[in-house]
Amino acid sequence: MNDVRFAQSFKKLVEVNGNVQPRETVVIVTDYSMTDIARQLAVAARATGAQVTVCMMEQRKIDGQEPPKPVAAAMKEADVIFSPVRFSITHTIAMKEALKNGGRAILMTAHNEEVLLSPALLNTDFAAQVP
């Protein structure tokens, strides 16, 4: 997936959707099936001047299974969390705690090339969607 076609997608995810700012702490939670996406997210996030940590964990067995404790701890301290994972961690206690602590999350369960190149991501003016 190391392809220039995706550069605009990752830039938009980081700079627009995640609103990542210089010196913010970004945590990317991923599993072994999504490492390409995590790596490119990390590159895009670093380009903003953010401090980026990638937390690699074994693929969860089902949606909603908690991440390991060290990953949950990193999530709780993050300003922005990206979660390119095969099975969702959206409704976990770890994610709820991270959000309660002020983190912002971009939930990327099962993202793939089709999603990353979708006009819904690339052409939507997200700022215009805010009332």
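Here are some questions and answers about helix packing and one buried cysteine in a predicted model.

Me: Why are α3 and α4 called roughly parallel?

Reply: Look at the crossing angle: the axes of α3 (residues 69-77) and α4 (residues 93-100) cross at roughly 20 degrees. Angles under 35 degrees count as roughly parallel, so the pair is roughly parallel. The two axes come within 7 Å, and the crossing is right-handed.

Me: Which residues make that contact?

Reply: On the α3 side you've got A72, M75 and K76, and on the α4 side A94, M95, E97 and A98. Sorted by class, that's five nonpolar, no polar and two charged residues.

Me: What makes α1 oblique to α2?

Reply: Same kind of check. The axes of α1 (residues 7-17) and α2 (residues 35-46) cross at roughly 60 degrees. Roughly parallel needs an angle under 35, roughly perpendicular needs 65 to 115, and roughly antiparallel needs over 145. Roughly 60 degrees fits none of those, so α1 is oblique to α2. The axes come within 9 Å here, and α1 passes α2 in a right-handed crossing.

Me: Which residues do the touching between α1 and α2?

Reply: From α1 it's F10, K11, L13 and V14; from α2 it's I37, Q40, L41, A44 and A45. The split is seven nonpolar, one polar and one charged.

Me: Which residues of α1 are buried, and what covers them?

Reply: S9, F10, K12, L13 and V14 are the buried ones. The cover includes α2, along with β3 (80-83), β4 (104-107), α5 (113-116) and α6 (119-122).

Me: And what follows α1?

Reply: N19 does, with a positive phi near 50 degrees.

Me: How do you know whether C55 is buried or exposed?

Reply: Check its relative accessibility, which is 11%. Buried means under 20%, so C55 counts as buried.

Me: Where is C55 found, and what does C55 touch?

Reply: C55 is in strand β2 (residues 51-57). Leaving out residues up to four places away in sequence, C55 touches V27, I28, V29, T30, V71 and A74.

Me: How far is C55 from H91?

Reply: They're 36 residues apart in sequence and 18 Å apart in space, taken C-alpha to C-alpha. Contact means heavy atoms within 4.5 Å, and H91 isn't among the residues listed as touching C55.

Note on methods
Residues numbered from 1 in each chain as written. Predicted model: local features only at pLDDT ≥ 70, side-chain atom pairs only at ≥ 80, totals over all residues. Heavy atoms only, no water. Axes fitted to C-alpha atoms, helices over the stretch in contact; angles between N-to-C directions. Helix = DSSP H or I, 4+ residues; strand = E, 2+ residues; numbered from the N terminus. Left-handed = near helix turned anticlockwise from the far one by under 90°. Nonpolar A, V, L, I, M, F, W, Y, C, P; charged D, E, K, R; others polar. Buried < 20%, exposed > 50% of the residue type's maximum accessible area, 1.4 Å probe, protein only.
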